[in-house]
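Today I opened a new model and kept notes as I looked things up. Here are the entries, in the order that made sense to me.

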Amino acid sequence: MPECKNCGGFVTAQYVRVFAPNGMENARVCPNCEDKLRDGNGVRGARSPRHADG
């Protein structure tokens, strides 16, 4: 079962197919990772929190 290499959370095979580089079986980061972001050059640390404060 595919999982996020950053947080260990579940991701779908379709998510891995779309967002992971070719040949990878797991995603490097998922939408639940608040400390990492996907960008055009790969994965980077978030510059600011991505959660709403209320």
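**Entry 1: Val-11**

I started with Val-11, which sits in the segment before α1, the helix of residues 13-19. A reminder to myself: this is a predicted model. Is Val-11 buried or exposed? Its relative accessible area is 5%, so I wrote it down as buried.

Next I listed what Val-11 touches, leaving out residues up to four places away in sequence. The list reads Pro-2, Glu-3, Cys-4, Val-16, Ala-27 and Cys-30. I then checked one of those partners by distance: Val-11 and Ala-27 are 16 residues apart in sequence, yet 7.5 Å apart in space from C-alpha to C-alpha.

**Entry 2: Pro-2 and Val-16**

Pro-2 is also found in the segment before α1. Which residues does Pro-2 touch, not counting those up to four places away in sequence? I found Gly-9, Phe-10, Val-11, Thr-12, Ala-13, Val-16, Glu-25 and Asn-26. Between Pro-2 and Val-16 I noted 14 residues in sequence and 7.3 Å in space, C-alpha to C-alpha.

Turning to Val-16 with the same sequence exclusion, I got contacts with Pro-2, Val-11, Met-24, Glu-25, Asn-26 and Ala-27.

**Entry 3: the core**

Which residues form the largest nonpolar core? It has nine: Cys-4, Val-11, Tyr-15, Val-16, Ala-20, Ala-27, Val-29, Cys-30 and Cys-33. For the protein chain as a whole, buried residues make up 22% of the 54 residues.

**Entry 4: the cysteines**

With cysteines in that core list, I wanted to know how many disulfides there are. A search of the whole structure gave zero. Cys-7 is in none, and the nearest cysteine sulfur, that of Cys-30, is 3.7 Å away. Cys-33 is in none either, with the sulfur of Cys-4 nearest at 3.5 Å. The cut-off here is 2.5 Å between sulfur atoms, so a pair beyond that distance is not counted as a disulfide.

I also compared their exposure. Cys-33 has 3% relative accessibility and so counts as buried. Cys-7 has 46%, so I put it down as partly exposed.

**Entry 5: rings**

The whole structure holds one aromatic pair. It is Tyr-15 with Phe-19: the ring centres are 4.7 Å apart and the planes meet at 40°, so I logged the pair as tilted. Both residues belong to helix α1, and because they are four residues apart there, about one helical turn separates them. Tyr-15 is buried, with a relative accessible area of 13%, whereas Phe-19 counts as partly exposed at 38% relative accessibility.

**Entry 6: the whole chain**

Finally I stepped back. The protein chain has one helix and two strands, and from the N terminus on they run α-β-β. Of the contacts with a separation of 6 or more, 16% join residues 24 or more positions apart. The chain exposes about 4,100 Å², and carbon and sulfur atoms supply 45% of that.

**Entry 7: confidence**

How does pLDDT look across the chain? The average is 78, and 63% of the residues score at least 70. Where is confidence lowest, and where is it highest? Strand β2, residues 42-45, has the lowest mean at 64, while α1 has the highest at 90. My Tyr-15 and Phe-19 note lies in that helix, α1.

Conventions. Residues are numbered from 1 along each chain as its sequence is written. This is a predicted model: local features need pLDDT of at least 70, side-chain atom pairs count only at pLDDT 80 or more; totals for chains, interfaces and linings use all residues. Side-chain values use heavy atoms; hydrogens and water are left out. A nonpolar core is a set of buried Ala, Val, Leu, Ile, Met, Phe, Trp, Tyr and Cys residues joined through side-chain atoms within 4.5 Å. Buried means under 20% relative accessible area, exposed over 50%, partly exposed in between (1.4 Å probe, protein chains only). Contact means heavy atoms within 4.5 Å. Rings of Phe, Tyr and Trp (its six-membered ring) pair if their centres lie within 6.5 Å; planes under 30 degrees apart count as stacked, over 60 as edge-to-face and the rest as tilted. Accessible areas come from the Shrake-Rupley method with a 1.4 Å probe; for residues, only the protein chains shown count as cover. pLDDT is the predictor's confidence in each residue, from 0 to 100.
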